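Subject: Structure handover

Hello,

Here is the structure I promised to pass on. My notes follow below it.

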Amino acid sequence: MARTRKKGNPIVSAVVFGIFGIVLLFLGIRTFIGLHGKLLNVTTCDESEVKPGVYVEGTLTYGYGAYIEKTTTYNHVVTKTDGYYYLVDICDKNEDGSKRDTSKWIGISISKSDDAKFDAISSADDAEPVYITGVIRKNSDKVQGFLDDYITKYVDAYAQYYGYTPTSEDYATAKAEAFPYYIEMVDSSDYIFKLVLGAVFLLAAVIMILKATRSKNTISASAQPAGTGYYDGTGDFNGVYTPGSTGSPNNGSYTQQYGTTNSGSYGTAEQTQA
């Protein structure tokens, strides 16, 4: 016997699509407002101004390499590289463009297409500066763990190059130079994508609701009985009253009247219900 597949509830699907649409629109609008408001310049700002949720801009001139590779995996096998986390200098310039004596480190999440630019500022002194816009995010425990391990290896390499043995204080000092945050790069393409996709989801939800409502109304109309329920006032429901019937509400009975045809006539039959 063939199994009949149960159809999903279109209203539930519409609600799910609607929620996705609203969330995407909210994120798109928030990014739009953030990028078109006052941006914190991470190149010249004070370190106390660097906080999660702040939208930023800046010109990055010095990096320390990638410490995380972002990948897509399938069945625990890496299928492609999506991007990287780089460690870069911020708070390293004065307003007049002169170099500060001190600077801070922060991670920055980039797409694979930007790798060459960030690799250049991490390996060449005369590399082209990289202008960025984005928003500051707090490191997850996993990302923070990768960053700490990377800084430890960096200190080891630095100490080996200059011929000394690093101490626990050296490691602690280096890790204190890095913010427990990263910059998520965003631009106008990000909020345009979210707004368009959110609108598509919301429109799909509205269409689903309209189609489901129309289908329900059609079913309700076709299921309406030809006659109307007849109530005799005594507390009993006495069947269906159809055109051509005569009722006797006082005794709870009705008489069904039959019509005549060209080929003959029918008599009147009386049926009584208690």
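In which helix does Ser123 lie? Ser123 belongs to helix 2, which covers residues 115–123. Please keep in mind that this is a predicted model.

**Ser123**

Ser123 has a relative accessibility of 59%, so it counts as exposed. The side chain of Ser123 comes to 2.8 Å from the backbone oxygen of Asp119. Ser123 and Tyr64 are 59 residues apart along the chain, yet 7.9 Å separates their C-alpha atoms.

**Overall picture**

The protein has 274 residues, and 30% of them are buried. Its secondary structure consists of five helices and eleven strands. Take the contacts with a separation of 6 or more: 60% of them are between residues 24 or more positions apart. The exposed area is about 18300 Å², with 56% supplied by carbon and sulfur atoms.

**Asp89**

Tyr64 comes up again here. The side chains of Tyr64 and Asp89 share a polar contact of 3.0 Å. Asp89 sits in strand 4, residues 77–90. Asp89 is buried but has no salt bridge. Which side chain of opposite charge is nearest to Asp89? That is Lys99, 6.4 Å away. A salt bridge needs the nitrogen and the carboxyl oxygen within 4 Å, so Lys99 does not form one with Asp89. Beyond its neighbours within four places in sequence, Asp89 contacts Leu60, Tyr62, Tyr64, Ser103, Lys104 and Trp105.

**Salt bridges**

How many salt bridges does a search of the whole structure find? It finds three. As a reminder, side chains of opposite charge can pair when their charged atoms come close.

- Lys80 and Asp82 pair at 3.7 Å, N to O. Lys80 is partly exposed at 48% relative accessibility. Asp82 is partly exposed too, at 30%.
- Lys117 pairs with Asp114, with the closest N and O atoms 3.2 Å apart. Lys117 is partly exposed, at 41%. Asp114 has a relative accessible area of 14%, so it is buried.
- Glu184 pairs with Arg137, with the closest N and O atoms 2.8 Å apart. This pair links distant parts of the chain: Glu184 is in strand 7 (residues 178–185), Arg137 is in strand 6, and their positions lie 47 residues apart in the count. Glu184 is partly exposed, with a relative accessible area of 27%. Arg137 is partly exposed at 27% as well.

**Thr133**

Strand 6, residues 130–138, also holds Thr133. Is Thr133 buried or exposed? Its relative accessibility is 18%, so Thr133 counts as buried. A polar atom of the Thr133 side chain lies 2.6 Å from the backbone oxygen of Val186. Leaving out residues up to four places away in sequence, Thr133 touches Leu35, Leu39, Val56, Glu57, Glu184, Met185, Val186 and Asp187. Glu184, then, appears both in a salt bridge with Arg137 and among the residues touching Thr133.

**Nonpolar patch**

What makes up the nonpolar surface patch? Ile11, Val15, Ile19, Val23 and Ile209 do, over about 400 Å². Helix 1, residues 10–35, gives the largest share, with four residues. Ile209 is in helix 5, residues 188–222. Patch residues need over 30% relative accessible area. Ile209 is partly exposed at 37%, so it clears that cut-off.

Best wishes

Notes: Residues are numbered from 1 along each chain as its sequence is written. This is a predicted model: local features need pLDDT of at least 70, side-chain atom pairs count only at pLDDT 80 or more; totals for chains, interfaces and linings use all residues. Side-chain values use heavy atoms; hydrogens and water are left out. Patches are made of residues with over 30% relative accessible area and no salt bridge: like charges are joined within 9 Å, nonpolar side chains (Val, Leu, Ile, Met, Phe, Trp, Tyr) within 5 Å. Accessible areas come from the Shrake-Rupley method with a 1.4 Å probe; for residues, only the protein chains shown count as cover. Helices (H or I, at least four residues) and strands (E, at least two) are DSSP runs, numbered from the N terminus. Buried means under 20% relative accessible area, exposed over 50%, partly exposed in between (1.4 Å probe, protein chains only). Lys and Arg count as positive and Asp and Glu as negative; His and the chain ends are not counted. A polar contact is a pair of N or O atoms within 3.5 Å; within protein, one must be able to donate a hydrogen and the other to accept it, and residues adjacent in sequence count only if both atoms are side-chain atoms. Contact means heavy atoms within 4.5 Å.
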